[in-house]
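Here are some short exercises to work through with the model open beside you. Try each task before reading its solution.

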Amino acid sequence: MSTRRKLTGLNSIVLAMATCFLFVMPVHAIVGVGVHWGFDFTLNMDDNLEDPLKFSNLVPIELLDTLGGSIDLSEFQNKLPAGIDLDSLRNLVKENVGILEARAPFTLSRVDWTRSPINFGGKAFIDAIPLPFIDAIEASCNLAAWEYDAVLKYPNGELQDNLTAQDVMDFVETGDYEKLLKMNEQHLTLEEFGMGYLKMFGLSKTPYFKFQLDLSLRKNIIEKPSTLKTFRLYAGAGASLHLGTPIITPAFVEEVIDYAVENSINDIGQTFNKETVTKKIVEKLIDEAKNPTWGMHFLVGTMIKPPVIPIAIYGDAKLMIPFGDIDKNVDLGGVGFMLNCGLALTL
């Protein structure tokens, strides 16, 4: 009997302490941390087809010598007498294939910019700022990913099948090397280089990542009910910082080509077939981040937090306005809307 009385008394004490805790616990959020999923509509990139690479400018003169000497085509063109027969034309092209290959354009294309499902982040906030026009201060971040298809096009060192005299004459008149030489295409994508496992996260092409950090001041516009603040509609503004990986550009690829030359990869027609070089381009995208871009944002959001329960649901809409180019080499835009929705642990 004595033991039962002691347990009953202990239970009463625990119940009383829990009741007191609930009464002193704030009924609306004062501080909190949250995680969210986002949708970033700020970036876009137009298709860009066959930008030329200044490959020969990066190749040592002695390497050009091994490919056939001077890359000036005037000597080749001067060898075309009137009425030349087809066999002579074929032999002339074959004899000068090194020169043609050295002069043939290496091009880069970027197409099919797509927003991936990857966009997540978090926030931390204080909702008890004793200032007339500010109710809360918050810091939030987002990591988002896009993808596109970057394609290198280059000669493979072989003549076109069924080469005709007219093809050669068209080349002389137009400078279209594809009339003479077969061209290869190399897609600089994750899937191409054995990184297709990232497809489960929505990435298989050439990736672009952006990390964003926002610091915001908020004012509650609507609080219902006013004491519990179960529902809040707020607005605010603040500063933003954007960090992004580089976009593949001709200059970007030329830097990797320079790496190939320094490492004695001396065959122009085969340079982009070397896995160590083309894979290095993709790895460079992942490893290298550009300098930050500052900006500002305006936000409108809402939070629903039931009384006592330390969990809240929130949603934010932000208008992002960067103060410069997100990427100095490529027009990605940057002005636009971003949406976040998530759950917060509040006290």
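**Exercise 1. Decide which parts to read with care.**
Task: find how the pLDDT behaves over residues 16-27 and how many contacts beyond four places in sequence the model has for them.

Solution. Step one: over residues 16-27 the pLDDT, the predictor's confidence in each residue from 0 to 100, stays under 50. The model has ten contacts (heavy atoms within 4.5 Å) beyond four places in sequence for this stretch.
Step two: residues 56-76 also have a pLDDT below 50, with 32 contacts in the model beyond near neighbours in sequence.
Step three: where pLDDT is low, the predicted coordinates should not be read in detail.
Step four: the protein chain averages a pLDDT of 76, and 66% of its residues score at least 70.

Some ground rules help here. This is a predicted model, in which local features need pLDDT of at least 70 and side-chain atom pairs count only at pLDDT 80 or more, while totals for chains, interfaces and linings use all residues. Residues are numbered from 1 along each chain as its sequence is written, and side-chain values use heavy atoms, with hydrogens and water left out.

**Exercise 2. Get an overview of the fold.**
Task: state how many helices and strands the protein chain has, then look at how two strand pairs run.

Solution. Step one: count eight helices and ten strands; these are DSSP runs numbered from the N terminus, helices being H or I of at least four residues and strands E of at least two.
Step two: strands S1 (residues 31-40) and S10 (residues 336-346) pair in the antiparallel sense over nine bridges; pairing requires that DSSP finds at least two bridges between the strands. Within S10, Ala344 stands opposite Gly34.
Step three: S10 also runs antiparallel to S9 (residues 311-322), joined by ten bridges. There, Met338 in S10 is the bridge partner of Lys318.
Step four: of the contacts with a separation of 6 or more in the protein chain, 78% are between residues 24 or more positions apart.

**Exercise 3. Place one lysine.**
Task: is Lys210 buried or exposed, and which side chain makes a polar contact with its side chain?

Solution. Step one: find Lys210 in strand S6 (residues 206-224).
Step two: Lys210 counts as buried because its relative accessible area is 2%; buried means under 20%, exposed over 50% and partly exposed in between, with a 1.4 Å probe and protein chains only.
Step three: its side chain makes a polar contact with that of Asp40 at 3.0 Å. Such a contact is a pair of N or O atoms within 3.5 Å; within protein, one must be able to donate a hydrogen and the other to accept it, and residues adjacent in sequence count only if both atoms are side-chain atoms.
Step four: beyond four places in sequence, the contacts of Lys210 include Asn142, Trp146 and His242.

**Exercise 4. Trace the salt bridges.**
Task: what is the N to O distance in the salt bridge between Asp127 and Arg232, and which residues share a network with Lys123?

Solution. Step one: side chains of opposite charge can pair when their charged atoms come close. The rule asks for a side-chain nitrogen of Lys or Arg within 4 Å of a carboxyl oxygen of Asp or Glu, and the count comes to eight salt bridges.
Step two: Asp127 and Arg232 meet at 1.8 Å, N to O. The pair links the loop between S3 and S4, home of Asp127, to Arg232 in strand S7 (residues 231-244), 105 residues apart. Both Asp127 and Arg232 are buried.
Step three: Lys123 bridges to Glu138, with their closest N and O atoms 3.0 Å apart. Lys123 is in strand S3 (residues 106-126) and Glu138 in strand S4 (residues 136-159).
Step four: Lys123, Glu138, Arg218 and Asp316 are linked in a network of salt bridges.

**Exercise 5. Look inside the core.**
Task: how many residues does the largest nonpolar core have, and which strand gives the most to it?

Solution. Step one: a nonpolar core is a set of buried Ala, Val, Leu, Ile, Met, Phe, Trp, Tyr and Cys residues joined through side-chain atoms within 4.5 Å. The largest has 22 residues, and Trp113 and Tyr148 are among those with the most contacts inside it.
Step two: S4 gives the most, with six residues.
Step three: the contacts of Trp113 beyond four places in sequence include Tyr148, Tyr208, Ile247 and Leu332.
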